[in-house]
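The following exercises ask the reader to work through one protein chain, from its overall architecture to single residues. Each task is followed by a solution in steps.

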Amino acid sequence: MVAFDLFRVADGKLAEHWDGHTPQIAKTVSGRSQVDGPAEASDLDKTDANGAVVIEFVEKVLKGQDFSVLTDFVSTEQYDQHHPEIADGLDGLGAAMAAWAEQGKKVVYGTIHRVIAEGNFVLVVGEGVFDVPVAFWDLFRVADGKIVEHWDIVPAIPETLPHDNGLF
């Protein structure tokens, strides 16, 4: 399994936990695994600016589906992709979206529930539809004001939960 785990800490103790997980795929279109790539945060002084870039990207491109502004947010020189069905580069992203449209897949990015940024990494947790109701866990790496790498999982939202805390 590939998972994102998010913890809230209060008074030095774990106070709350959210997670999403999906089966690990042996072969992705990009040839990358779902979990490889840089993992150490850098550019800590750019945390707010990088968070703002990603939020505006999600709002305009993913939610608003305005792909005419894609290169305002995503690097045209490097876009490393870890989603199993998307190849590297803007061409890879476009090809995957075209294939999903041709297959009749409904893809709608809805509510953003959390945005957490540290330096060059920005995590967005949201919900929407990818044929079925899903949680979107999108992790972006930003360099020089542009998105250069993306990891994600898109687990289906269960109809019932074993608790009353909600999924988000």
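**Exercise 1. Determine the order of the helices and strands along the chain, and state how many of each there are.**

Solution. This is a predicted model. Read from the N terminus, the elements follow the order β-β-α-α-β-α-β-β-β-β. The count is three helices and seven strands.

**Exercise 2. Decide whether the radius of gyration of the chain agrees with that of a compact globule.**

Solution. Step one is the expectation: for 168 residues, a compact globule would have a radius of gyration near 15 Å. Step two is the value for the chain, 16 Å, which agrees. Step three adds the outline: along the principal axes, the C-alpha atoms fill a box of roughly 45 × 40 × 30 Å. Step four turns to burial and surface. Of the 168 residues, 37% count as buried. The exposed area is about 9,400 Å², and carbon and sulfur atoms supply 51% of it. Finally, among contacts between residues at least 6 apart in sequence, 48% join residues at least 24 apart.

**Exercise 3. Compare the length of helix H1 with the expected span, and locate its bend.**

Solution. Helix H1 covers residues 47-63, which is 17 residues. At 1.5 Å a residue, H1 should span 24 Å; the C-alpha atoms at its ends are 22 Å apart, and so the two values agree. The helix bends by about 25° at Phe-57. Just after H1, Gln-65 takes a positive phi of about 55°.

**Exercise 4. Identify the buried residues of H1 and the elements that cover them.**

Solution. The general principle comes first: an α-helix has 3.6 residues a turn, so residues three or four places apart point the same way. In H1, the buried residues are Thr-47, Asn-50, Gly-51, Val-53, Val-54, Phe-57, Val-58, Val-61 and Leu-62. Their cover includes helix H2 (70-73) and the strands S4 (107-118), S5 (121-130), S6 (132-143) and S7 (146-153).

Thr-47 serves as a single case. This residue lies in H1, and its relative accessible area is 18%. Buried means under 20%, and Thr-47 is therefore buried. Apart from neighbours within four places in sequence, Thr-47 is in contact with Ala-117, Glu-118 and Gly-119.

**Exercise 5. Describe the largest nonpolar core and state which element gives the largest share of it.**

Solution. In soluble globular proteins, nonpolar side chains tend to be buried together. Here the largest nonpolar core has 24 residues, and Val-54, Phe-57, Val-58 and Ile-147 have the most contacts inside it. Two or more residues of this core come from each of H1, H2, helix H3 (89-102), S5 and S6. The largest share, six residues, is given by H1. Val-54 illustrates the packing: neighbours within four places in sequence aside, it is in contact with Val-122, Val-124, Phe-140, Val-142 and Ile-147. A second, separate core of 12 residues includes Leu-6, Val-125, Ala-135 and Trp-151.

**Exercise 6. Is Glu-40 buried or exposed, and which residues does it touch?**

Solution. Glu-40 is placed in the loop between S2 and H1. Its relative accessible area is 67%, and it is exposed. Leaving out residues up to four places away in sequence, Glu-40 touches Asn-120 and Phe-121. Glu-40 and Asn-120 are 80 residues apart along the chain, while their C-alpha atoms are separated by 9.0 Å.

**Exercise 7. Establish where Asp-43 and Asp-131 lie, and give the phi of each.**

Solution. Asp-43 is in the loop between strand S2 (13-22) and H1. Its phi is near 50°, a positive value in a residue other than glycine. With a relative accessible area of 31%, Asp-43 is partly exposed. Asp-131 is in the loop between S5 and S6. Its phi is also positive, about 75°, although Asp-131 is not a glycine. At 44% relative accessible area, Asp-131 is partly exposed.

**Exercise 8. State where Met-1 is found and which residues it is in contact with.**

Solution. Met-1 is found in the segment before strand S1 (2-10). Its relative accessible area of 62% makes Met-1 exposed. Neighbours within four places in sequence aside, Met-1 is in contact with His-21, Thr-22, Pro-23 and Gln-24. From Met-1 to Pro-158, 157 residues apart in sequence, the C-alpha to C-alpha distance is 17 Å.

Key. Residues are numbered from 1 along each chain as its sequence is written. This is a predicted model: local features need pLDDT of at least 70, side-chain atom pairs count only at pLDDT 80 or more; totals for chains, interfaces and linings use all residues. Side-chain values use heavy atoms; hydrogens and water are left out. Helices (H or I, at least four residues) and strands (E, at least two) are DSSP runs, numbered from the N terminus. The expected span of a helix is 1.5 Å times one less than its number of residues. The bend at a residue is the angle between axes fitted to the seven residues ending there and the seven starting there. Buried means under 20% relative accessible area, exposed over 50%, partly exposed in between (1.4 Å probe, protein chains only). Contact means heavy atoms within 4.5 Å. The radius of gyration is taken over C-alpha atoms; the globule rule is 2.2 Å times the number of residues to the power 0.38. Accessible areas come from the Shrake-Rupley method with a 1.4 Å probe; for residues, only the protein chains shown count as cover. A nonpolar core is a set of buried Ala, Val, Leu, Ile, Met, Phe, Trp, Tyr and Cys residues joined through side-chain atoms within 4.5 Å.
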